Amino acid sequence: MRSVTGRENVSEMCTDLLQDESNLSGAWCEAAAWPENTNEAVEYISDSSRNGIPLTVSGGLTGIAGGALPEGGAVISSSALKDIRRLDNGNISAGAGVTIEELNSFVSKNSEGFFYPPDPTEETASVGGTIATDASGADSFLYGATRKWVAGLQIVLPGGKLLSIKRGLHMFKNRICTHPVLGTLQLPSLRREQPPKNAAGYHMRGDMDLIDLFIGSEGTLGFITEAELKLAPEPQYVIDLAVFPEKAESFWELFASLLHAGEPLRIRALEMMDDRCLDFLRSHPGELPLPPVNAAFCLLLRAEADSDEHLENILVTLDEMLIASNSSPETAWGGFEPSERKRIKDFRHALPEAVNHCITESRREYPSIHKFGSDGAVEPSRLEEYYVRSRSILEEKGLPFVIFGHAGDGHIHANALPENSSQMLLADCAMREIAAAAVEMGGTVSAEHGLGKMKLDYLKLMYSENEIRGMETIRRAIDPDCLMGPGLES
Ligand SMILES: Cc1cc2nc3c(=O)[nH]c(=O)nc-3n(C[C@H](O)[C@H](O)[C@H](O)COP(=O)(O)OP(=O)(O)OC[C@H]3O[C@@H](n4cnc5c(N)ncnc54)[C@H](O)[C@@H]3O)c2cc1C
């Protein structure tokens with residue numbers, strides 16, 4: 001197993017471990033290790049625990065909330081856990097370090113007619129990281145978040161014990177679960193149920209499966225080394241469209257009708273970019289075509305069809321819906337051919353990439369600038385209200401910003417783009433106000449990125465002191481000295 005010790009050695013030889021897509025600065029650690037199998041991970045974690053060394057778990061480092069960045073102690077990285085195979089039941093067993101890109105490529109070669117639905121946009125994210133954050137993405141509108149596709153996990157617990165869990169075998173009953181390795185765990189009772197799309201705090205439902213406690217636990221309850229993942233049957237056609245309404249009213253009208261369209265449209269993804277995003281893309285042109293000049297919003301839609309007739313129906317219905325909401329079908333892009341679909345996918349990916357690039361540029365002059373993106377979600381029928389509130393918070397503070405996201409899930413990312421230190425302070429306040437607005441509307445402060453180190457404080461916006469204490473109790477039942485995920489204590 002590769003390992004490095006000494007703070008200076010890590011800083012010199014493993015700079016990649018000290019940065020992720022949050023652009024948070026100040027990460028450091030005294031040691032790092034890259035186990036190549038579960039046994040090596042057990043050995044490293046047992047040793048670290050015996051010596052009281054805090055451990056930060058690192059995956060693909062595409063996280064936006066800074067959860068994988070160490071604050072001292074050691075880092076254990078999943079990047080050498082690359083085993084992948086098809087199981088007899090058709091599921092896939094993947095090492096935690098397999099990237100989403102590698103997983104998709106394996107599935108397309110070895111599981112004809114099937115695909116892995118979670119698509120968190122950034123394909124260099126790892127299987128372990130996407131499980132630890134319960135990552136979502138565009139297709140979650142139809143297929144749900146990562147959680148739904150995890151059938152089993154191998155986890156090295158803090159202390160070094162190995163836990164293998166399969167979905168369906170150990171359940172919480174009335175918030176209590178007793179397990180031979182973990183003992184008795186009790187979930188706190190909550191003032192209100194967690195929203196359906198939520199990545200803030202541990203997953204806590206009265207009668208849930210034990211495996212769901214670990215999914216979304218952001219590296220605080222153990223090191224995931226391997227996962228058994230379910231696949232979904234591939235539909236015959238997938239259609240990707242980018243529609244460019246010229247007026248905000250047309251966008252919201254079209255959005256509302258698509259949100260409730262149901263079958264036979266079978267919408268997989270319903271995404272949005274606002275006028276600020278389109279201007280931003282125009283002012284940061286890459287190799288992609290620019291959005292039409294008069295476009296005020298962009299609605300990105302992905303739908304699927306099981307037959308030629310179904311496809312024809314969808315295309316006709318979409319045409320009618322576009323016309324009814326005054327959104328011209330002529331300016332729309334996309335279709336079902338791979339090249340048309342790739343164009344839309346690249347266009348969608350270009351925006352968060354350009355945002356991250358812009359932050360990196362600002363950091364040259366102001367190194368403490370980092371990503372300021374909201375991740376809140378509300379009931380989808382209230383998205384327009386949440387969007388308007390988020391936007392006015394950013395406008396009042398005079399900040400440059402863009403707002404985009406997973407509209408169909410009531411989930412948007414309002415990204416402030418501070419250009420100097422004073423704007424950075426304003427951006428920080430804006431993010432907190434936007435998160436608080438989501439909670440006030442019955443939603444969550446984080447729907448997919450998790451809280452990491454950057455937003456841990458937002459827990460208090462969403463949960464009571466008792467609820468937070470209850471989460472700490474669960475954590476201490478598994479990790480009495482809180483050695484895993486240092487800096488992620490509430
Ligand atoms: C351009 C761009 C677009 C993005 N779009 C989306 C999106 O649409 N949806 C979405 O959900 N996310 C999105 N993300 C965020 C990111 O890709 C996800 O959060 C992803 O799940 C992180 O995976 P990772 O392997 O990079 O994890 P890391 O960043 O390495 O770690 C994230 C967290 O998981 C923990 N962790 C990592 N591996 C393990 C493990 N093996 N065991 C236990 N804990 C572990 C870490 O400690 C940390 O707390 C985007 C990121 C970028 C850069």
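**Exercise 1.** Which element gives the most to the shell around the ligand?

*Solution.* Work on the predicted model. Start with the elements that give two or more residues to this shell: strand S3 (55–58), helix H4 (127–132), strand S12 (223–229) and helix H10 (338–365). Then take the top contributor. H4 gives the most, with four residues.

**Exercise 2.** Describe the surroundings of the ligand, from its site to its polar contacts.

*Solution.* Step one: locate the site. The ligand sits in the largest cavity. Step two: list the neighbours. The shell holds 36 residues, and Val-57, Gly-59, Gly-60, Thr-62 and Ser-126 come nearest. Step three: sort the shell by character. It divides into 12 nonpolar, 20 polar and four charged residues. Step four: pick out the polar contacts, with a cut-off of 3.5 Å between N or O atoms. A backbone N or O atom of Gly-59 is 2.8 Å from a ligand oxygen. For a polar backbone atom of Gly-60, the distance to a ligand oxygen is 2.7 Å. Thr-121 uses a side-chain N or O atom, 2.9 Å from an oxygen of the ligand. Step five: check the burial. Alone, the ligand exposes 970 Å², and the protein buries 98% of that.

**Exercise 3.** Characterise the largest pocket by volume, lining and residue classes.

*Solution.* Begin with the volume, about 780 Å³. Next comes the lining of 31 residues, with Asn-104, Asp-119, Glu-123, Arg-341 and Lys-345 nearest the pocket centre. Helix H3 (100–110), strand S7 (114–115), strand S14 (237–243) and H10 each give two or more residues to the lining. Finally, split the lining by class: nine nonpolar, eight polar and 14 charged.

Terms used. Residues are numbered from 1 along each chain as its sequence is written. This is a predicted model: local features need pLDDT of at least 70, side-chain atom pairs count only at pLDDT 80 or more; totals for chains, interfaces and linings use all residues. Side-chain values use heavy atoms; hydrogens and water are left out. A residue is near a molecule or strand if one of its heavy atoms lies within 4 Å of it. A polar contact is a pair of N or O atoms within 3.5 Å; within protein, one must be able to donate a hydrogen and the other to accept it, and residues adjacent in sequence count only if both atoms are side-chain atoms. Accessible areas come from the Shrake-Rupley method with a 1.4 Å probe; for residues, only the protein chains shown count as cover. On a 1 Å grid over the protein atoms alone, a cavity is a set of points where a 1.4 Å probe fits but cannot get out, and a pocket is an open set with protein on both sides within 12 Å along at least five of seven lines; lining residues have an atom within 4 Å of a point. A molecule sits in a cavity or pocket if more than half of its atoms lie within 2 Å of its grid points. Ala, Val, Leu, Ile, Met, Phe, Trp, Tyr, Cys and Pro count as nonpolar, Asp, Glu, Lys and Arg as charged, and the others, Gly among them, as polar. Grid points are joined across faces, edges and corners, and a volume is the space filled by probe spheres set on the points.
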